[in-house]
Amino acid sequence: MVRTMLDMIIMIGALVIGILFGRFFNFKVPGDMITLILMLLVFFVGVDIGREEGILKRLKSNLFSILSQTIMIILGTFCFSALASFFMPFSIKETVGAAAGFGWYSLSGVMISSLHSPLLGTVSFVSNVFRELLSILLIPVLAKINQRAAVSIAGATSMDVLLGLCSKNTTRDNTLIAFGQGVLLSLSVPVLISLIFM
Amino acid sequence: MLVLILLSFGAGLFLGLKKQLGFMKKIKIIPILTLLLLFSMGTEIGANDKLFNDLPKIGIQAFLVAVFAVAGSFTFTYIYTRITGSDGENDA
């Protein structure tokens with residue numbers, strides 16, 4: 001958990017340093033370069049997910065539960081975040097898009113920032129940081145009510161940063177479902193965000 | 001751009017499943033690229049007066065989106081597991 005927090009602080013730090021550079025030195029990164037870095041990032045994220053040890057075997061072992069869990073998370077997140085648009089000056093497409101990071105704040109923030117607008121990219125980044133923080137706080141409590149519903153809130157982060165937390169609070173079977181949900185959602189994030197903002 | 005991003009992702013996934021490019025973990029390429037992108041996203045926020053001044057409001061809106069997203073995930077999976085009888089205890 002210390003590691004997770006440290007990573008989060010470093011990433012928020014990079015964003016804050018960027019804000020200061022933009023604010024006081026009017027520093028600007030060319031748009032083409034951002035696109036290129038984004039392509040590289042998505043490429044290596046793909047490699048990283050693909051290289052995960054025994055990933056296909058682990059997904060296959062409980063495929064139906066993992067699939068249904070993932071679909072419910074996508075539907076639940078999208079339906080409810082659509083409702084959130086009524087409380088703020090964003091369209092349904094925008095709030096749904098912002099929530100489509102499923103906790104993966106670094107990727108969703110930078111993707112939406114370059115595909116749509118820096119404003120919504122910022123909303124998405126901060127919102128998904130909150131999703132991860134809420135997961136850290138709520139999973140131990142909610143797991144006492146329903147383990148699969150509890151790990152669902154971790155979204156894409158349950159395959160890596162929050163996997164330890166999920167396994168600490170749930171049975172082995174449900175930890176495997178949490179891992180699988182994280183893999184499928186991580187695969188979905190770049191695809192869904194691209195499709196929403198195409 | 002959409003196509004380029006999806007193609008990059010697909011190509012990476014394919015090579016990853018083929019167990020290629022193992023070196024990139026060692027040189028921490030994903031964290032480096034992520035930090036670069038977050039930095040450049042920051043410069044855009046900083047250079048944009050309206051966006052910069054709206055940051056506190058954006059924080060509240062983002063929190064609201066997160067609460068709705070979390071509530072939605074929990075509600076949908078809760079109902080699903082209750083209907084199919086596959087919640088935590090039963091799965092163990």
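Buried means under 20% relative accessible area, exposed means over 50%, and partly exposed is whatever falls in between, with a 1.4 Å probe and protein chains only. By that yardstick Gly13(A) is partly exposed, because its relative accessibility is 26%. Before going on, some housekeeping. This is a predicted model, so local features need pLDDT of at least 70 and side-chain atom pairs count only at pLDDT 80 or more, while totals for chains, interfaces and linings use all residues. Residues are numbered from 1 along each chain as its sequence is written, chains are lettered from A and ligands numbered from 1 in the order in which they are written, and side-chain values use heavy atoms, with hydrogens and water left out.

Back to Gly13(A), which sits in helix α1 of chain A. Helices here are DSSP runs of H or I with at least four residues, strands are runs of E with at least two, and both are numbered from the N terminus. From Gly13(A) to Gly31(A) is 18 residues in sequence and 22 Å in space, C-alpha to C-alpha. The helix α1(A) itself has 23 residues and reaches 32 Å from its first C-alpha to its last, close to the 33 Å expected at 1.5 Å a residue; the expected span is 1.5 Å times one less than the number of residues. After α1(A) comes Asn26(A), with a positive phi near 50 degrees.

Which residues of α1(A) are buried? They are Thr4(A), Met8(A), Met11(A), Ala14(A), Leu15(A), Gly18(A), Ile19(A) and Gly22(A). Their cover includes α6 and α7 of chain A together with α3, α4 (49–53) and α5 of chain B, where contact means heavy atoms within 4.5 Å.

Also on α1 of chain A is Arg23(A), whose side chain meets that of Asp49(B) in a salt bridge at 2.8 Å, N to O. A salt bridge here is a side-chain nitrogen of Lys or Arg within 4 Å of a carboxyl oxygen of Asp or Glu. Asp49(B) lies in helix α4 of chain B and Arg23(A) in α1 of chain A, so this pair joins two chains. Arg23(A) is partly exposed at 29% relative accessibility, and Asp49(B) is partly exposed at 48%.

Over all chains the structure holds three salt bridges. In another, Arg58(A) pairs with Glu52(A), the closest N and O atoms being 3.5 Å apart. Arg58(A) counts as partly exposed at 30%, and Glu52(A) counts as partly exposed at 25%. Then there is Asp54(B) with Lys50(B), where the closest N and O atoms are 2.7 Å apart. Here Asp54(B) is buried, with a relative accessible area of 17%, whereas Lys50(B) is exposed at 56%.

Now for the empty space. On a 1 Å grid over the protein atoms alone, a cavity is a set of points where a 1.4 Å probe fits but cannot get out, and a pocket is an open set with protein on both sides within 12 Å along at least five of seven lines; lining residues have an atom within 4 Å of a point. Grid points are joined across faces, edges and corners, and a volume is the space filled by probe spheres set on the points.

The largest pocket has a volume of about 1,200 Å³. Its lining takes in 33 residues, and Asp48(A), Asp160(A), Val161(A), Ile30(B) and Pro31(B) lie nearest its centre. α3(B) supplies the largest share of that lining, six residues. By class the lining has 17 nonpolar, seven polar and nine charged residues, where Ala, Val, Leu, Ile, Met, Phe, Trp, Tyr, Cys and Pro count as nonpolar, Asp, Glu, Lys and Arg as charged, and the others, Gly among them, as polar.

The second largest pocket holds about 180 Å³ of space. Of its 13 lining residues, Leu15(A), Thr122(A), Phe125(A), Val126(A) and Leu55(B) are closest to its centre. α7(A) gives the most to this lining, with five residues, and by class the lining has 11 nonpolar, two polar and no charged residues.

Finally, a search of the whole structure finds one cavity of 30 Å³ or more, with about 50 Å³ of space inside. Ile34(A), Val110(A), Ser113(A), Ser114(A), Leu37(B), Ser40(B), Met41(B) and Glu44(B) line this cavity. α3(B) gives the most to its lining, with four residues.
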